[in-house]
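Please go through the following complex and explain how each descriptive term attached to it is justified by its computed value.

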There are 2 protein chains.
Amino acid sequence: MDINTATRPPGRPREFEIEEALDKAIVVFSERGYHAASISELKDAMGLAAGSLYKAFKDKRAIFLASFDRYKQVRNALLEQELAEGENGRDKVSRMLRFYAEASHGASGRRGCLVVGTAIELAVYDAEAAERVDRSMARTEAMIDGLIREGQADGSIAPAIDPVTTAHVLLSVTQGLRVLGKTGPNRDRAFSVVDTAMKLLD
Amino acid sequence: MDINTATRPPGRPREFEIEEALDKAIVVFSERGYHAASISELKDAMGLAAGSLYKAFKDKRAIFLASFDRYKQVRNALLEQELAEGENGRDKVSRMLRFYAEASHGASGRRGCLVVGTAIELAVYDAEAAERVDRSMARTEAMIDGLIREGQADGSIAPAIDPVTTAHVLLSVTQGLRVLGKTGPNRDRAFSVVDTAMKLLD
DNA sequence: TCTATTGGGGAACGATCGTTTCCAAATTAA
DNA sequence: TTAATTTGGAAACGATCGTTCCCCAATAGA
């Protein structure tokens, strides 16, 4: 008897990890976009037969939404880890922007951001996708806003700065970086954007 | 005999204006993206039969690239018109950013930018599309750079500002606005981004 | 051991995709 | 007039799409 887990449900157990499969799907969806990513490509990348895919997920859209959620979970965890090392509010804002700059060049830049891709390709016609994009953007913006206030409290950011409008701009900068990263500017360029944008906190 | 035009080519004359048809295609491609826009949707929007479409354009990709070029031509003309009314370099930068903010909210915001859409959906796998995106971005950035230098020459922008890196950031802001505009923030928000970003010129 | 249930995988399905073909109509050149 | 050429438009084509079906394997519970 297995003490640590709940009793196994009836039927044949799944032979693959959902999250591992989603990590493969994220790559396909990010590079190709939702519509250009075919089930054939997805099943090859995920190492599954079509039948198995459709037993784990209702349809292609469900695979995508699950990939989106997994993507957000992983990226948020990495970001929080990065922010935890920040010394003060200003440093944390800088780390956050650099986190996006890091993702916006080279191979990961070309692969692209699943949130941006969803906003561009899906949000207009898919209310559920739009809501996920909105939640993601709102969360990021609120995070920047909070870090600015933290910086004002610890003296690392000028008190005259308006946290709300400044967070708007910095969110725009991060999303813009992701767009520009699709055609692959070099690393230095992405980081010079961060350095210059940080002037908004002076 | 028609004095004003070159002699008409042999064969039945085309009954529609290519540019008018492209203006309709631009709407479809902007809203739906390249892959989700079907020939069926395009021909309905453009008011043409499939056969006629394929006599005017080699294939779907050619329709898209022609739409992209037409989009750039129209938008560039509108932007130059707007900039011509600017009083000095700073005012022109502000007008440029407001031009993007105006496009990034409401119905046109939801419709989206064809350049951003191409960058996200096509640039990675289509070298010709990527080149067009790059040229567009480079042109916009060079324009901002030039306006900053103009402002420094006429005294409306601080001489300590680095035109190159500042143009990088402001380009990122414009592209970011276009992404955020897909899920439709309100007008005031888009313009508050512009106002705050203008602080980078102080 | 028997039944119920679920997953794996490949074959098959109908729908839709982008594209081509075909024929009538409209034009120029001879 | 006639031939050559091009467009308009509808119908048809093969390919691929997302999805379902079916059969076998693997597990739980009785």
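**Contacts with the DNA and between the chains**

Q: What makes the pair formed by A:Y54 and DNA strand D a polar contact?
A: In this predicted model, a polar side-chain atom of A:Y54 lies 2.4 Å from a phosphate oxygen of DNA strand D. A polar contact requires a pair of N or O atoms within 3.5 Å, and therefore the pair at 2.4 Å qualifies.

Q: Which other residues reach a phosphate oxygen of DNA strand D, and with which kind of atom?
A: A:I39 does so with a polar backbone atom, at 2.6 Å, whereas B:R14 does so with an N or O atom of its side chain, at 3.4 Å. Two or more residues of the surface near DNA strand D are given by α3 (50–56) of chain A, and likewise by α3 (50–56) of chain B.

Q: Why are A:I39, A:Y54, A:K60, B:G11 and B:K55 counted as near DNA strand D?
A: A residue is near a strand if one of its heavy atoms lies within 4 Å of it, and these five come nearest of the 25 residues around DNA strand D. Of the atoms of DNA strand D that come within 4 Å of the protein, 62% belong to sugar and phosphate. By class, the surrounding surface has 10 nonpolar, 6 polar and 9 charged residues.

Q: How do you know that a base of DNA strand C is in polar contact with B:R12?
A: A base nitrogen of DNA strand C is 3.2 Å from an N or O atom in the side chain of B:R12, and the limit for such a pair is 3.5 Å, so the contact counts. Phosphate oxygens of DNA strand C are also reached, by a backbone N or O atom of A:E15 at 2.9 Å and by an N or O atom in the side chain of B:Y54 at 2.4 Å. The elements that give two or more residues to the surface near DNA strand C are α3 of chain A together with α3 of chain B.

Q: Where do the atoms of DNA strand C that come within 4 Å of the protein belong?
A: Sugar or phosphate holds 65% of them, and the rest belong to bases. Around DNA strand C there are 25 residues, the closest being A:S52, A:K55, B:I39, B:Y54 and B:K60.

Q: Why are the two copies described as related by a two-fold rotation axis?
A: Chain A can be laid on chain B by a turn of 180° and a shift of 0.0 Å along the axis, with an RMSD of 0.1 Å, and the copies are thus related as by a two-fold rotation axis. In chain A, the C-alpha nearest the axis is that of A:G176, at 1.9 Å. The same surface serves both copies, since 100% of the contact residues of chain A recur in chain B.

Q: What makes the meeting of B:E141 and A:R189 a salt bridge?
A: The side chains of B:E141 and A:R189 meet at 3.0 Å, N to O, and because the limit for a salt bridge is 4 Å, the pair qualifies. The rule finds 2 salt bridges across the interface of chain A and chain B, and 10 residue pairs there are in polar contact. On the side of chain A that touches chain B, the largest share, 12 residues, comes from α9(A).

Q: How much area is buried between chain A and chain B, and which atoms give 69% of it?
A: About 3,600 Å² is buried, and carbon and sulfur atoms give 69% of that area. The contact takes 39 residues from each of chain A and chain B.

Conventions:
Residues are numbered from 1 along each chain as its sequence is written. Chains are lettered from A and ligands numbered from 1 in the order in which they are written. This is a predicted model: local features need pLDDT of at least 70, side-chain atom pairs count only at pLDDT 80 or more; totals for chains, interfaces and linings use all residues. Side-chain values use heavy atoms; hydrogens and water are left out. A polar contact is a pair of N or O atoms within 3.5 Å; within protein, one must be able to donate a hydrogen and the other to accept it, and residues adjacent in sequence count only if both atoms are side-chain atoms. Helices (H or I, at least four residues) and strands (E, at least two) are DSSP runs, numbered from the N terminus. Ala, Val, Leu, Ile, Met, Phe, Trp, Tyr, Cys and Pro count as nonpolar, Asp, Glu, Lys and Arg as charged, and the others, Gly among them, as polar. Copies are superposed by least squares on the C-alpha atoms of residues with pLDDT of at least 70 in both. Contact means heavy atoms within 4.5 Å. Buried area is the accessible area (1.4 Å probe) that two parts lose on being put together, summed over both.
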